Amino acid sequence: MNDRRTEPRMLCADLVQVQWRDKPGRLRHSIANLEDISLSGACLQLEGPLPRETVVTIKYSKGQLSGKVRYCLY
């Protein structure tokens with residue numbers, strides 16, 4: 001996969017809470033490892049794959065971020 005990022009990502013290794021709705025609409029939660037982050041994206045490591053275009057909320061100690069899954073390698 002080509003790296004199409006417009007800015008560099010900062011490496012990190014923090015645990016965060018991730019929240020999303022599955023296909024039937026149930027609210028799901030998981031702990032994820034935040035691998036890297038930038039102004040336009042982040043890399044999360046979860047125990048299982050999430051479908052493309054899934055809306056996720058990343059919760060951390062100082063707030064939360066929202067976005068969509070653009071690709072998933074499992």
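The legends below describe close-up views of a predicted model.

**View 1. Five strands form an open sheet with antiparallel pairing.** The strand order is S3-S2-S1-S4-S5. Strand S3 (42-45) and strand S5 (63-68) stand at the edges. Each has a single partner strand, so one side of each is left without a neighbour in the sheet. On average, neighbouring strands of this sheet are turned by 40 degrees against each other, direction ignored.

**View 2. Strand S2 meets the edge strand S3.** Strand S2 covers residues 27-37. S2 and S3 pair in the antiparallel sense, and four bridges link them. Asparagine 33 has its bridge partner, glutamine 45, in S3.

**View 3. A hairpin joins S4 to S5.** The connection runs through two residues. S4 and S5 are paired in the antiparallel sense over six bridges. Tyrosine 60 has glycine 63, in S5, as its bridge partner.

**View 4. The largest nonpolar core holds ten residues.** Its members are Val16, Val18, Trp20, Ala32, Leu34, Leu46, Leu50, Val56, Ile58 and Val69. S1, S2 and strand S4 (55-60) are the elements that give two or more residues to this core. S1 gives the most, with three residues. Valine 18, one of the core residues, contacts Arg28, His29, Ser30, Ala32, Leu44, Leu46, Val56 and Thr57, leaving aside its neighbours within four places in sequence. Among these contacts, Ala32, Leu46 and Val56 also belong to the core.

**View 5. Leucine 34 sits in strand S2.** Leucine 34 is a member of the largest nonpolar core. Its relative accessible area is 10%; a residue under 20% counts as buried, so leucine 34 is buried. Not counting residues up to four places away in sequence, leucine 34 touches Cys12, Ala13, Asp14, Val16, Ala42, Cys43 and Leu44. Glutamine 45 is eleven residues from leucine 34 in sequence. In space, the two are 6.5 Å apart, C-alpha to C-alpha.

**View 6. Glutamine 19 lies in strand S1 (residues 10-21).** Glutamine 19 counts as buried because its relative accessibility is 17%, and the limit for buried is under 20%. The side chains of glutamine 19 and lysine 59 are joined by a polar contact of 3.2 Å. Lysine 59 also appears in the contact list of glutamine 19, which leaves aside neighbours within four places in sequence. The other residues in that list are Leu27, Arg28, His29, Val55, Val56, Thr57. One of them, Val56, is a member of the largest nonpolar core.

**View 7. Glutamate 53 has a positive phi.** Its phi is near 75 degrees, in a residue other than glycine. Most residues other than glycine have a negative phi. Glutamate 53 lies in the loop between S3 and S4. Glutamate 53 is partly exposed, with a relative accessible area of 38%.

**View 8. Leucine 73 is in the segment after S5.** The relative accessibility of leucine 73 is 70%, so leucine 73 counts as exposed; the exposed class starts over 50%. Leucine 73 and leucine 44 are 29 residues apart along the chain. Their C-alpha atoms are separated by 10 Å. Leucine 44 is also among the contacts of valine 18 and of leucine 34.

Key. Residues numbered from 1 in each chain as written. Predicted model: local features only at pLDDT ≥ 70, side-chain atom pairs only at ≥ 80, totals over all residues. Heavy atoms only, no water. Buried < 20%, exposed > 50% of the residue type's maximum accessible area, 1.4 Å probe, protein only. Polar contact = N/O pair within 3.5 Å; in protein donor to acceptor, adjacent residues only side chain to side chain. Contact = heavy atoms within 4.5 Å. Pairing = 2+ DSSP bridges. Axes fitted to C-alpha atoms, helices over the stretch in contact; angles between N-to-C directions. Core = buried A, V, L, I, M, F, W, Y, C linked by side-chain atoms within 4.5 Å.
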